[in-house]
Amino acid sequence: MDRQLASSAAAQEAARRALRSRRSGGEGPRIRFGTDRAGMTAAARSESLTIGAVSRPTRRIRSIIFDTAVNDLRKQNIQLRGYEMHGAAFVELSWSRPTAPGVRGSIELRVPTLEVGKMLGFSEPLRRSIADRPLEARSVAETERRERLVERAHTRIAVYFDDGFVECGGRRANFHEIELQLIEGAEEEFWNVAAELAPRMNARFLPMSEAELALARATGAGVAPVKARRPTLAEDASLDEAIVAALSACLDQFVANWPALQFQAPEEAIHQMRVSQRRLRAGVGMLRRGVVSEALETAAARAKEISATLGAARNLDVLVDMLVSGPLAQANGEPSFYALLDAVERRRIEAHAAVAALVAAPRTTQFVVDLRAALAARNWRPQPGDDGRAALDTSAPGSAKQFATRSLDRLHRRALKKSRDLAALTPEQRHHARIAFKKARYAAEFFQSLFDSQAKARRYLRRTAALQDELGAFNDLTVAAELLRDLGESDVALAPASAFAVGWCAHARGGAAADWKKTEKSLKKLETFWR
């Protein structure tokens, strides 16, 4: 009987894996790496991309991004790309889907020529969208592409080795990129190949190609920071499915903000990256009561290290804003205050450089692909109960809602307990209360779509977010005071201005204390949405 049960369980697991790995139409995941010539050579010779590989003839591709002089297409989140290959010309039109943020629709057509004057005959709606203004080439990329088709464990992966250059805005930049795309088979195997390949070629993950970044610089469009995306789950989703959706959303937010570091608002990109790592760590911490996973624990430990670098930069960003709007505004032009601001700015520049180095580091790319591989493989097992058996079948339909209800109950109770008698709490205790509410809020966002009471859910999230902001502002003043003391101790000339600013922080914290009783009263009325 035990053997029959084991065989049945194995068959069910095999069926689930087959269902997860089923792919069609070449629409599997992709990943793009940036490297140098040595990295390209190492990747091309690696076992990961040579065993079971079939090479295709080298292609030369000329790719052009078109838009009007006033960027009509970009303003509508439309991209018109033309490319020439083997003497044939094609155009690809892609656009954002408002109903599915982050998802793009696209069509591709063969055309007689890429001459600008003859480009729009195929699309009357496109002509109207640019008000018949003339198109022009905004960027041109020349690429020598080598292709391979790798077959491994019933999985087919297309590999593109791209060497070339991009010209945009009067500038030319060389690039060396490798892109992998799952054509057919197991997503788990695809990410395993990516994870094996990355360290061999000193790779860095590229959320955007060099050509796309060059166009953003030349047009002045920049790349906007990206906020967290809330997972969408079916009501009967399994906990396994919820884990993949929630942690993938954290990882998506993290990497989506890398390009924005190079543009006008790196401060917001750093903030969003920090939020992504906090959400990831909170998610793994919550999941410890449901699953056991060395891979997720490793990811959480690395996320903590990443958060430390991001946090140092974020704290200095907040300090600069606070100094300018607070004590500096009351300094009446005192020179020592500008010296203090200069010292903070120097530290901030160094902290931003550390973030840029973090993003470019191969170890950070490895963190991304290793976690993608763990999620694709569902590299965890159910947490055993007191009797040694699984406390919850994480693959069972409805197990996500069952786990979510218990988790939300526990995190909500803990947050209310930590915030009891807010007015009398020390700054450190308020900080712990803030962390408790943050964990409750992140869990609510992860599982919100499982429950019917969406209006209640929105109210709950609004109120917990508002409380988090209130406690966050108080904590920012505490952290700012610590940074200011350190600056004053490191340079005698900064001591008077630093002491004044520390006093200003203390006064501001004291002014905030009057609202805590009112805040605590409103928390007691906070209505849950999961029961």
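Good morning. I begin with a term: a residue is called buried under 20% relative accessible area, exposed over 50%, and partly exposed in between. Arg288, with a relative accessible area of 40%, is therefore partly exposed. Please keep in mind throughout that the structure before you is a predicted model.

Let me stay with Arg288 for a moment. Its side chain meets that of Glu297 in a salt bridge, with 2.7 Å from N to O. Glu297 has a relative accessible area of 31%, so this residue is partly exposed too.

That brings me to salt bridges in general. Side chains of opposite charge can pair when their charged atoms come close. In this structure there are 34 salt bridges. One of them joins Arg32 to Glu177, and the closest N and O atoms are 3.7 Å apart. Which parts of the chain does this pair tie together? Arg32 belongs to strand β1, residues 30-34, and Glu177 to strand β8, residues 171-184, so the link spans parts that are 145 residues apart in sequence. Are these two residues buried or exposed? Both Arg32 and Glu177 are buried. They also take part in a network of salt bridges, in which Arg30, Arg32, Glu177 and Glu179 are linked.

Another salt bridge is formed by the side chains of Arg81 and Glu92, at 3.3 Å from N to O. Here Arg81 lies in strand β3, residues 78-85, and Glu92 in strand β4, residues 88-96, so the parts tied together are eleven residues apart in sequence. Arg81 has a relative accessible area of 22%, and is therefore partly exposed.

I turn now to the aromatic residues. The structure holds eleven aromatic pairs. Among them is the pair of Phe205 and Trp258, which is edge-to-face, with 5.8 Å centre to centre and 80° between the planes. This pair links distant parts of the chain: Phe205 is in strand β9, residues 204-205, while Trp258 is in the loop between α8 (239-256) and α9, 53 residues apart. Phe205 counts as buried at 13% relative accessibility, and Trp258 counts as buried at 4%. A second edge-to-face pair consists of Phe529 and Trp530, with 5.1 Å centre to centre and 85° between the planes. Phe529 and Trp530 are both buried.

Phe205 and Trp258 appear again in a cluster, where ring pairs link them with Phe254 and Phe367.

Aromatic rings also meet charged residues. Arg172 lies over the face of Phe165, at 3.5 Å from the ring centre. Similarly, Arg430 lies over the face of Phe474, at 4.6 Å from the ring centre.

Finally, let us consider empty space. Rolling a probe the size of a water molecule over the atoms shows where such space is left. The second largest pocket contains about 1,600 Å³ of space. Its lining is made up of 49 residues, of which Arg278, Arg434, Lys438, Tyr442 and Gln468 lie nearest its centre. Which helix supplies the largest share of this lining? That helix is α9, with twelve residues. The elements that each supply at least two residues of the lining are α9 (266-287), α10 (294-325), α13 (399-418), α14 (427-447) and α15 (454-490). By class, the lining of this pocket has 21 charged, 16 nonpolar and twelve polar residues.

Thank you for your attention.

Methods. Residues are numbered from 1 along each chain as its sequence is written. This is a predicted model: local features need pLDDT of at least 70, side-chain atom pairs count only at pLDDT 80 or more; totals for chains, interfaces and linings use all residues. Side-chain values use heavy atoms; hydrogens and water are left out. On a 1 Å grid over the protein atoms alone, a cavity is a set of points where a 1.4 Å probe fits but cannot get out, and a pocket is an open set with protein on both sides within 12 Å along at least five of seven lines; lining residues have an atom within 4 Å of a point. Grid points are joined across faces, edges and corners, and a volume is the space filled by probe spheres set on the points. Helices (H or I, at least four residues) and strands (E, at least two) are DSSP runs, numbered from the N terminus. Ala, Val, Leu, Ile, Met, Phe, Trp, Tyr, Cys and Pro count as nonpolar, Asp, Glu, Lys and Arg as charged, and the others, Gly among them, as polar. A salt bridge is a side-chain nitrogen of Lys or Arg within 4 Å of a carboxyl oxygen of Asp or Glu. Buried means under 20% relative accessible area, exposed over 50%, partly exposed in between (1.4 Å probe, protein chains only). Rings of Phe, Tyr and Trp (its six-membered ring) pair if their centres lie within 6.5 Å; planes under 30 degrees apart count as stacked, over 60 as edge-to-face and the rest as tilted. A charge sits over a ring if NZ of Lys or CZ of Arg is within 6 Å of the ring centre and within 35 degrees of the ring normal.
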